Structures are given as structure tokens and as C-alpha cells.
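Trainee: I would like a close look at a single part of this model, the sheet, together with whatever surrounds it. Please take it in one connected answer.

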Amino acid sequence: MVVVVSKYLIPKGFDGLAIYPFILVSQNHLKQNLVIINHEKIHIRQQLELLILLFFIWYSLEFLFRWIQYKDRRKAYLNISFEREAYKNEKDLNYLNQRSFWTSLNYL
């Protein structure tokens, strides 16, 4: 996994983004932010479990479903199962060592 700094590839309002095998962060100092890096590592694991392409299809479809459900983009984003898992566990730096396969399904 490679951490890359690029303020132009990160959507406004976000600090990081994971696209296997890269973690992109918007500013250089965020490379040292263990919580953000761990959040994005959780997404990398989710992507691998769903063979990368399926992850992005599922993520997009779930976002659209949640947007219709909540009529609010931010609330939709925060309620995507993958984001719920990542936000809940981002501060636990050992989470990925104990995480079971397809744990994201528990957050649907």
C-alpha cells in the first residue's frame, strides 16, 4: 500500500480516499495521521474482499440508495455500510488484525 498526497484527487470536504493499492490524502501532514490512514486501510481491506470492482459498484449503489432514503448526501455517505465500519473502528489501530472476513455485512 502506498500513501500519496494529492489535493486535486480528493473530493472537497474529505481528507482521504482509498483506491487499492493507494491511499490518497489531501495534505502532506495527513500521511502521519494514524486514524485517517487506518480508516483508509479498512477500505482497502473491504475492496480486496469484494475484488475491488465489486466494492466500487456496491459502494456507489448503496450511496444512491441511502441518498434516496435520507434525501441528504452527507447522511447518505455516513450510512454506507463500508463507511459505518470504517468510522466505527478507525481509532482502533489493531482492528484489522482481528477483523473477520466480510465484516462489512454486519453494518448493512
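In what order do the three strands of the open sheet lie, and what kind of pairing do they have?

Mentor: The model is a predicted one, and what follows should be read as a description of that prediction. The strand order in the open sheet is β1-β3-β2, and the pairing is mixed. The edges are formed by β1, residues 2-5, and β2, residues 16-19, each of which pairs on one side only. Averaged over neighbouring strands, the turn of one against the next is 20°, with direction ignored.

The two pairings can be taken one at a time. In general, strands of a sheet pair through backbone hydrogen bonds, and they may do this in parallel or antiparallel fashion. Both kinds occur here, as the mixed pairing implies. On one side, β1 and β3 run parallel and are joined by four bridges. Within β3, the residue opposite Val4 is Leu24. On the other side, β2 and β3, the latter covering residues 22-25, run antiparallel, again with four bridges. Here Gly16 has Val25 of β3 as its bridge partner.

The link between β2 and β3 deserves attention. These strands form a hairpin, with two residues between them. Pro21 is located in this loop, and the peptide bond between Tyr20 and Pro21 is cis, with an omega of about 5°. As background, most peptide bonds are trans, and most residues other than glycine have a negative phi. The second half of that statement is relevant to another loop, the one between α1 and α2, where Leu51 is found. Leu51 is not a glycine, yet its phi is positive, at about 55°.

Helix α1, residues 34-49, is the element that lies across the sheet strands β1, β2 and β3. Its direction is at about 25° to that of β2.

The edge strand β2 also takes part in the largest pocket, as one of the elements that give two or more residues to its lining. The others are α1, α2 (53-70), α3 (73-78) and α4 (81-89). The space in this pocket comes to about 650 Å³. Its lining has 25 residues, and those nearest the centre are Phe14, Gly16, Tyr59, Tyr77 and Glu83. Gly16, then, is both the bridge partner of Val25 and one of the residues nearest the pocket centre. By class, the lining has twelve nonpolar, six polar and seven charged residues.

Two of the lining helices, α2 and α4, also pack against each other, at an angle of about 100° and with axes 9 Å apart. Because of that angle, α2 counts as roughly perpendicular to α4. Phe55, Trp58, Tyr59 and Glu62 make the contact from α2, while Ser81, Phe82 and Glu83 make it from α4. Four of the contact residues are nonpolar, one is polar and two are charged. Tyr59 and Glu83 thus appear in this helix contact and also among the residues nearest the centre of the pocket.

How values were computed: Residues numbered from 1 in each chain as written. Predicted model: local features only at pLDDT ≥ 70, side-chain atom pairs only at ≥ 80, totals over all residues. Heavy atoms only, no water. Pairing = 2+ DSSP bridges. Axes fitted to C-alpha atoms, helices over the stretch in contact; angles between N-to-C directions. Contact = heavy atoms within 4.5 Å. 1 Å grid on protein atoms, 1.4 Å probe; cavity = no way out; pocket = protein on both sides within 12 Å on 5 of 7 lines; lining within 4 Å. Points joined across faces, edges and corners; volume = space filled by probe spheres on them. Nonpolar A, V, L, I, M, F, W, Y, C, P; charged D, E, K, R; others polar. Parallel < 35°, antiparallel > 145°, perpendicular 65-115°, else oblique.
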